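Take a look at the structure shown here. The report below goes through selected local features and then the whole chain.

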Amino acid sequence: MRGRSLAVVVVHYHTPRLAAAAIGALQRDLGAGQEAAGGLEVEWLLVDNGSDPAGRELLAGLPVRLLEPGRNLGYAGGVNLGVASSRAELVLLMNPDVLVLPGCAAGLVACLQAGAAAAGPRFYWDSGRRLLLPPAEARDRRGELLASLAAARGAGWAARARRRSRRHCRRHWQATAPLPSHALSGSLLAVTRAAWERIGGFDEGFQLYYEETDWLLRLRRAGLPARFVPAAEAVHLYGRSAALEPRAAEWFDESARRFRRRHYGAWFAWGLERLARGGPRAAAAPLLPALPAEGLDLDGYPRPLWVEISPNPAGFPAAAERIGGAAPRARWQPPADLAERLAAGAWWIRLSDASGADLAAFQVGGLKRK
């Protein structure tokens, strides 16, 4: 395929400044105007799922086509509206809390032009590009069951789930060329119009979360290829839109139930819900030491060493930094631009070796229990 037209669809909800920054970074990457580098025709669409008067004024000054549905359609509904409003051969779907790095858009577009039906970038959590964000989880019955057992049945199951997650993540993180994978994030996803029309758009029954996971599984079942593109890089500020939606947690639970029933069957989904409710056999949370204020002394640990940060007590999925080399270094601290976000909640930090084995664990913020 040699698509020569691209639609950029950004969906935002009460995040006008983030949306403006995201569009600005992408325009710098693609080139100003309606024709990008390489002669690619670009159409810019911004779906406004919700703004106050000041936000609408800011958005009105952006060089984009503004789509205002008048209510919050959810991410799936906003994306579908944006895609339906353009006929470009290639489409870039994006959250407002994403900042592309130079060459990101070109890398994704090139992958589509080479034959992929969908492509996603390598994501970092911080502007210094230290912490790699995990790819989407590998969704299948075995993985879902293992995750539920890890939450409800204790440390042994959690350790097994972490090792499985690490193998999946490191396969993506250590890739040096486009990697066949449908474990892509909907926060920035490039797709072809042909694939979108063949399998349909996002299911709007997923008000928030799981919509791209469902779409990518449908893509895989249709036999259409997807690629993780390590040379395409972006910073994901992670969860800024959802933080402004009071129903986000409720929608997540509803979407998870809908996804599991659809893809695993009602009985399997029911079993996972029973495990999630725990009960008298639910795992107790062991005490963990706090992250030292002066940072972690990594001397004495084997190299390469992985430092992982997760909002999940079980330790997965996790962002991670790979520490290589044998020379002593300063004590490890989280990136400075994450300090505020880490201070606002409870986070778990783990050290693991090249084989995926646990070496140490700590906690940042919240209760001193895992």
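## Positive phi outside glycine

Y209 sits in the loop between helix 7 (193–199) and helix 8. The model is predicted. In it, Y209 has a phi near 80°, a positive value in a residue other than glycine. Y209 has a relative accessible area of 29%. Buried means under 20% and exposed means over 50%, so Y209 counts as partly exposed.

H14 is also not a glycine, and its phi is positive, about 55°. H14 belongs to the loop between strand 1 (5–12) and helix 1 (16–30). With 34% relative accessibility, H14 is partly exposed.

## The second largest pocket

Helix 8 also takes part in a pocket. How many residues line the second largest pocket? The lining has 16 residues. Those nearest the centre of the pocket are A138, R139, H182, A183 and R220. Two elements give two or more residues each to this lining: helix 6 (155–173) and helix 8. Helix 8 gives the most, with four residues. The space in this second largest pocket is about 240 Å³.

## Helix 9

Helix 9 covers residues 248–264, which makes 17 residues. At 1.5 Å a residue, helix 9 should span 24 Å. Its end C-alpha atoms are 23 Å apart, which agrees with that expectation.

Which residues of helix 9 are buried? They are A248, W251, S255, A256, F259, H263 and Y264. Seen down the helix axis, these buried residues fall within an arc of 150°, so they line one face of helix 9. What do they pack against? Their partners are helix 5 (141–153), helix 8 (211–221) and helix 10 (266–276). G265 follows helix 9, and its phi is positive, near 95°.

## Two cis peptide bonds

Beyond helix 10, the chain has a cis peptide bond from R303 to P304, with omega near -5°. P304 is placed in the loop between helix 10 and strand 10.

Another cis peptide bond joins F316 and P317. Here omega is about -10°. P317 lies in the loop between strand 10 and strand 11 (319–323).

## S310 and its surroundings

S310 is part of strand 10, which runs over residues 305–310. Is S310 buried or exposed? Its relative accessibility is 1%, and the cut-off for buried is under 20%, so S310 counts as buried.

The side chain of S310 reaches the backbone oxygen of P317 at 2.8 Å. P317 is thus named twice here: S310 reaches its backbone oxygen, and its peptide bond with F316 is cis. Leaving aside residues up to four places away in sequence, S310 touches G315, F316, P317, A318, W347 and W348. Both F316 and P317, the residues joined by the cis bond, are among these contacts of S310.

## The whole chain

The protein contains 11 helices and 13 strands. Of its 370 residues, 54% count as buried. H14 and Y209 are not in that group: H14 is partly exposed, and Y209 is partly exposed. S310, by contrast, is buried.

How do the contacts spread along the sequence? Take the contacts between residues at least 6 apart in sequence. Of these, 75% join residues at least 24 apart.

Definitions and conventions:
Residues numbered from 1 in each chain as written. Predicted model: local features only at pLDDT ≥ 70, side-chain atom pairs only at ≥ 80, totals over all residues. Heavy atoms only, no water. Expected span 1.5 Å × (residues − 1). Buried < 20%, exposed > 50% of the residue type's maximum accessible area, 1.4 Å probe, protein only. Arc of directions from axis to C-beta. Contact = heavy atoms within 4.5 Å. Polar contact = N/O pair within 3.5 Å; in protein donor to acceptor, adjacent residues only side chain to side chain. 1 Å grid on protein atoms, 1.4 Å probe; cavity = no way out; pocket = protein on both sides within 12 Å on 5 of 7 lines; lining within 4 Å. Points joined across faces, edges and corners; volume = space filled by probe spheres on them.
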